[in-house]
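Reader: I would like a close look at one part of this model, beginning with a single side-chain contact and working outward from there. Please go slowly, and keep each value attached to the residue it belongs to.

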Amino acid sequence: GPNRETYVDKGKGGPSTRPIKHDDVIIVPEFFCKEDDWSLYYTLIEEMRAAQADGKPKADWKPWAEGAHLITDNPTHSKT
């Protein structure tokens, strides 16, 4: 939305003192893994593809945000 702000937290200096709104985006580099480590992403993709191949309900991909992203209605098929 027009009031959304994006913040990048580089982990220096403690928590931000800025008020955060419900539609703000906060990016925390290397929160789950190193920047160039794609293993978690590929694991999620493999698990969802396996669910699709097994015919699990609502495991298919559907476009979101004018096709910029793909989402699933049932991410519980991924153990990760």
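Author: Let us begin with the side chains of Asn74 and His77, which are joined by a polar contact of 3.2 Å; the model is a predicted one, and this distance, like the other values here, is computed from it. The side chain of Asn74 also makes a polar contact of 2.4 Å with that of Thr76, so that His77 and Thr76 are both its partners, as the two contacts taken together show. In the chain, Asn74 belongs to the segment that follows strand S4, the strand spanning 69–71. Is Asn74 buried or exposed? Because its relative accessibility is 19%, and buried means under 20%, Asn74 counts as buried.

If one sets aside the neighbours within four places in sequence, the residues in contact with Asn74 are Met48, Pro57 and Lys58. Met48 then leads to a second residue, Ser78, which is in contact with Leu44 and Glu47 as well as Met48 once its own neighbours within four places are left aside. Like Asn74, Ser78 is located in the segment after S4. Ser78 has a relative accessibility of 13%, and because the limit for buried is 20%, Ser78 is counted as buried too. With Glu47, Ser78 has a further link, since a polar contact of 2.4 Å connects their side chains.

Lys58, named above among the contacts of Asn74, deserves a look at its backbone. Most residues other than glycine have a negative phi. Against that background, Lys58 has a phi near 55°, which is positive although the residue is not a glycine. Lys58 is placed in the loop that runs between helix H1 (39–53) and strand S3 (62–64). With a relative accessible area of 57%, Lys58 is exposed, because exposed means over 50%; Asn74, in contact with it, is buried at 19%.

A positive phi is also found at Glu66, where the value is about 60° and the residue is again not a glycine. Glu66 sits in the loop between S3 and S4, and at 87% relative accessibility this residue counts as exposed.

To place this part in its wider setting, I add the aromatic rings and the pocket. The structure holds 4 aromatic pairs. In one of them, Phe31 and Phe32 meet edge-to-face, with 5.0 Å centre to centre and 90° between the planes; both Phe31 and Phe32 are exposed. Another edge-to-face pair is that of Trp38 and Tyr41, at 5.6 Å centre to centre and with 85° between the planes. Of these two rings, Tyr41 is partly exposed, because its relative accessible area of 42% is neither under 20% nor over 50%. Ring pairs join Trp38 and Tyr41 with Tyr42 in a cluster.

Phe32 appears once more at the largest pocket, whose space is about 310 Å³. Of the 13 residues that line this pocket, Phe32, Cys33, Lys34, Asp37 and Leu40 are those nearest its centre. By kind, the lining has 9 nonpolar and 4 charged residues, with no polar ones.

How values were computed
Residues numbered from 1 in each chain as written. Predicted model: local features only at pLDDT ≥ 70, side-chain atom pairs only at ≥ 80, totals over all residues. Heavy atoms only, no water. Phe/Tyr/Trp six-rings, centres within 6.5 Å; stacked < 30°, edge-to-face > 60°. Buried < 20%, exposed > 50% of the residue type's maximum accessible area, 1.4 Å probe, protein only. 1 Å grid on protein atoms, 1.4 Å probe; cavity = no way out; pocket = protein on both sides within 12 Å on 5 of 7 lines; lining within 4 Å. Points joined across faces, edges and corners; volume = space filled by probe spheres on them. Nonpolar A, V, L, I, M, F, W, Y, C, P; charged D, E, K, R; others polar. Helix = DSSP H or I, 4+ residues; strand = E, 2+ residues; numbered from the N terminus. Polar contact = N/O pair within 3.5 Å; in protein donor to acceptor, adjacent residues only side chain to side chain. Contact = heavy atoms within 4.5 Å.
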